[in-house]
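This report is meant for a reader who meets the structure for the first time. Please keep the model in view while reading.

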Amino acid sequence: MRGTDWHAARSAAHAAGASVRAILPPAERVGLADAAWRVLDTGLCALHPLPHYASSAMDGWVVAGGGPWILVPARAAGAGLAPGEAAEIVTGGALPAGTTAVLRREHGRPAPAPTGGDGRPGGTLLFAEHDPRPGLDIRPAATESAEGDLLLAAGTRMTPAALAVAALAGHDRLAVAPDVGVALVLTGDEVVTSGLPGPGFVRDGFGPVLPHCVRGLGGTVLSATRIGDDRGATLDAIDGTAARRAAIVVTTGGTGGSSADHLRPAAAALGAEILVDGVAMRPGHPALLGRMPDGRILLCLPGNPLAALVAVATLLEPVLRGAAGRPPSAPRRAASAAAFAPLPGRHRVVPAAWADGAGCALVPAEHIGSAMMRGLADADALLVVPPEGLEAGAPAAYLPLPW
Ligand SMILES: Nc1nc2c(c(=O)[nH]1)N[C@H]1C(S)=C(S)[C@@H](COP(=O)(O)OP(=O)(O)OC[C@H]3O[C@@H](n4cnc5c(N)ncnc54)[C@H](O)[C@@H]3O)O[C@H]1N2
Ligand code: MOO
């Protein structure tokens, strides 16, 4: 089996994800804190200018004109400064009218003014070695955004920084796309979930991992079901009550053609439209993507752990982006530190780490057999090697890790 071209498979996966929007609930409005990691349904505009008032960028004094200045109490300065006057200010403090610059605390020296002719104290004068140039250390209003500017486009993932933008722009509730529910179905008679497995048994490498991948890619795991290598159990798990609550069903293992592998026959028996029947890539080529008659997407990951996670980065990432109403992810490129010979007709997806000190070159990791995970644990990204191979130092595409 060679399967669908790697790029075509990713495009098909994005289109499949976009199609599940038809069966998702409508967008909802949630409080700011609950919007973390969700996807904006509509663009977010500034409810006021950013910053919304002119302020001091430093602790020190606001001054009007050239020095030395007569220090006036901050409260009096609220009414405005006259030329020759100064008042204390803290970073972020609103500028009194008439302010021409801010003098930093470390650049000014207050000193008692000479006593008046009548013997009464003359207040305090503020001296500076150099008069601050007009506008120095002033943060004018609206320099980051005018009121009404679009700050975050529809489809933006609400990262911590995006949440801060929304808060600073005055928002309390945000319109977010519906959660994309994912049902996990983990197969394999030989899979054990604790302790040291005997020969012929393996520790589960998916249960502790996939929920984080799904979350990292923008979905929400609604259920995780473990089944043995059994046709009836496979049909029930894909089409049962728990899986029907989700828009996307992700299975692990059982994608092959042996008598213990049930995913392909189950997908056919359930009437799934097969969108990607294997991907022309290594590892992970047995991955299967289909659409169930009710519109749910079925993604079957191969059982070998690295193969499965390569399929997650290759197929689940575009499925979940499409389902969230986001465009396909922009291609990322870096230099490949290693050379790769051609492998006609197949892409290779290789765990790789950023080269020490070399900025943007990716070095393939060790221990990257399709049943191994050490290489991925050491990796920063997945280098995508095209069928024609790569020369050392040549630019190559890479995928971010799904977490
Ligand atoms: N005759 C052929 N055999 C195989 C082919 C092929 O083309 N012809 N392809 C190989 C490739 S590539 C892969 S990948 C696997 C795909 O296997 P399945 O998706 O059917 O998965 P299983 O057979 O169920 O398991 C494969 C392997 O993975 C281990 N596994 C399964 N689940 C887990 C888990 N939760 N945690 C850790 N490891 C797991 C399982 O024990 C097997 O060792 O087929 C090749 N064979
Ligand atoms: O490609 Mo399998 O998917 O090598 O382990």
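The buried residues of H3 (160–168) pack against strand E2 (44–45), strand E11 (150–152) and strand E12 (173–176), where contact means heavy atoms within 4.5 Å. Helices (H or I, at least four residues) and strands (E, at least two) are DSSP runs, numbered from the N terminus. This is a predicted model, in which local features need pLDDT of at least 70, side-chain atom pairs count only at pLDDT 80 or more, and totals for chains, interfaces and linings use all residues. Residues are numbered from 1 along each chain as its sequence is written, chains are lettered from A and ligands numbered from 1 in the order in which they are written, and side-chain values use heavy atoms, with hydrogens and water left out.

**Helix H3 and the loop before it**

Within H3, the residues Ala162, Leu163 and Ala166 are buried; buried means under 20% relative accessible area, exposed over 50%, and partly exposed in between (1.4 Å probe, protein chains only). Seen down the axis of H3, these buried residues fall within an arc of 105°, so they line one face of the helix. The arc is that of the directions from the helix axis to the C-beta atoms. On the face turned away from the buried side, H3 carries the exposed residues Pro160, Ala161 and Leu168. After H3 comes Gly170, with a positive phi near 100°.

Ala153 is placed in the loop between E11 and H3. With a relative accessible area of 39%, Ala153 is partly exposed. Neighbours within four places in sequence aside, Ala153 is in contact with Leu40 and Gly43. Its C-alpha atom is separated by 8.7 Å from that of Asp41, although Ala153 and Asp41 are 112 residues apart along the chain.

**Helix H5**

In H5 (residues 231–239), the buried residues are Thr234, Ala237 and Ile238. They fall within an arc of 95° when seen down the axis of H5, so they line one face of the helix. Their packing partners are the strands E13 (181–187), E16 (220–227), E17 (248–252) and E21 (297–301), together with the helices H6 (241–244) and H7 (263–269). At the start of H5, a side-chain oxygen of Asp230 reaches to within 3.1 Å of the backbone nitrogen of Gly232.

**The two ligands**

A residue is near a ligand if one of its heavy atoms lies within 4 Å of it. Ligand 1 is surrounded by 18 residues, of which the closest are Glu190, Asp204, Gly205, Thr255 and Gly256. The shell of ligand 1 divides into 6 nonpolar, 8 polar and 4 charged residues. Here Ala, Val, Leu, Ile, Met, Phe, Trp, Tyr, Cys and Pro count as nonpolar, Asp, Glu, Lys and Arg as charged, and the others, Gly among them, as polar.

Around ligand 2 are Pro283, Gly284, His285, Pro286, Asn304, Ala307 and Ser370. This shell holds 3 nonpolar, 4 polar and no charged residues.

The table lists polar contacts, each a pair of N or O atoms within 3.5 Å.

| Ligand atom | Protein partner | Distance |
|---|---|---|
| Ligand 1, nitrogen | Gly205, backbone N or O | 2.8 Å |
| Ligand 1, oxygen | Gly303, polar backbone atom | 3.0 Å |
| Ligand 1, oxygen | Asn304, polar backbone atom | 3.3 Å |
| Ligand 2, oxygen | Gly284, polar backbone atom | 2.6 Å |
| Ligand 2, oxygen | Asn304, side-chain N or O | 3.0 Å |
| Ligand 2, oxygen | Ser370, side-chain N or O | 2.4 Å |

Terms used
Polar contact = N/O pair within 3.5 Å; in protein donor to acceptor, adjacent residues only side chain to side chain.
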